[in-house]
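Reader: I have a model on my screen and would like to talk through its aromatic rings. Could you walk me through them?

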Amino acid sequence: MSTRLTEANLNDSVMQHMRQDVTRLRLDQTVGEALAEMRRQPPAGRIIYFYVVDADNKLQGVVPTRRLLLSPLEKFISEIMVAQVIAIPNRATVLDACEFFTLHRFLAFPVVDDKRKLLGVIDVELYTDELSEVAGMRDDLFQLIGVHVAQARQTSPLAAFRYRFPWLLCNIAGGILAAFVSGLFEAEFQKAMALALFIPVVLALAESVSIQSVSLALQVLHARPSTWLALLQKLRWELLTGLLLGGASGLLVGFVALVWLGHVQVVFCLLGGIVAGVAGAAVVGIAMPNLLYLLRRDPQVAAGPIALAVSDVLTLLLYLNLARWLLA
């Protein structure tokens with residue numbers, strides 16, 4: 001198969017991209033019979049694995065090329081095969097298959113159905129672009145915290161410091177500002193010290209959702225450029241997603257607070273603060289990479305640190321202002 005794959009194909013089924021001209025050996029064949037058959041019908045493709053099937057076409061093993069060539073001709077294939085074969089299920093996506101190549105380091109994998117029947121084979125030649133894309137996604141994860149993979153591999157500690165510290169300043173500034181904001185609500189903390197107990201979990205939820213949104217936005221930007229109109233639609237969908245995530249998380253944390261402390265007003269503060277904070281963080285996370293892209297700035301390097309800092313301050317303001325109103 002010669003279809004050139006792109007990032008848009010990452011969610012395709014492997015069935016759309018596998019080769020069906022698989023070299024099948026039978027359990028009851030001898031080495032001599034298998035070699036004679038392959039001479040009559042030479043295997044297709046440059047990457048060849050010799051998969052062994054039974055009478056029902058179920059995958060039973062794989063024969064290493066060295067064993068096939070050096071074993072006595074009268075030996076049965078079942079005697080020289082390796083029974084343990086890593087196979088890709090037919091429900092897998094292109095991205096799933098890329099992870100197989102990355103983890104297991106083989107040049108090809110058989111594709112099987114639920115009954116272990118051999119359907120075809122995926123080889124690494126089809127996935128050059130996708131494997132590069134997987135590396136690019138790994139790069140995005142570093143860039144969420146302001147680091148390129150190439151920079152992270154710096155051998156000099158001083159060079160690594162110079163690349164990484166500037167982006168920590170964004171988080172330091174956000175943390176100091178968050179501490180300043182907390183200090184403005186001393187009266188609320190005196191009324192209900194439990195508010196302070198739950199600040200770490202409220203911020204952690206908002207930060208996690210924000211990073212998820214930034215990561216998703218960066219992946220989408222790889223595939224298609226953003227527009228102002230598309231950004232508005234993304235913000236609406238992400239706001240709804242954030243409200244659902246915040247609602248589920250808020251109910252869980254609020255239930256724990258109710259059982260633990262029995263303070264109903266604190267429970268409502270937590271529920272409202274988490275819902276609002278997570279929804280706001282989701283919007284910030286999806287907006288930041290797109291805004292930077294539309295303003296012709298590099299979203300991969302700056303989006304993560306800025307989104308985290310903004311999400312922290314926004315979440316604290318929402319949480320503590322709601323507490324001020326409810327505890328008044």
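Reader: Which residues form one aromatic cluster?

Author: Happy to help! Phe100, Phe106 and Phe109 make up one aromatic cluster. Please keep in mind that this is a predicted model, where local features need pLDDT of at least 70, side-chain atom pairs count only at pLDDT 80 or more, and totals for chains, interfaces and linings use all residues. Residues are numbered from 1 along each chain as its sequence is written, and side-chain values use heavy atoms, with hydrogens and water left out.

Reader: Why is the pair of Phe198 and Trp260 called edge-to-face?

Author: Rings of Phe, Tyr and Trp (its six-membered ring) pair if their centres lie within 6.5 Å; planes under 30 degrees apart count as stacked, over 60 as edge-to-face and the rest as tilted. The centres of Phe198 and Trp260 are 5.8 Å apart and the planes are at 65°, so this pair is edge-to-face.

Reader: What makes Phe198 count as buried or exposed?

Author: Buried means under 20% relative accessible area, exposed over 50%, and partly exposed in between (1.4 Å probe, protein chains only). Phe198 has 7% relative accessibility, so Phe198 counts as buried. Its partner Trp260 has a relative accessible area of 55% and is therefore exposed.

Reader: And how do you know whether Tyr49 counts as buried, partly exposed or exposed?

Author: Tyr49 has 25% relative accessibility, so Tyr49 counts as partly exposed. Tyr51, at 2%, counts as buried.
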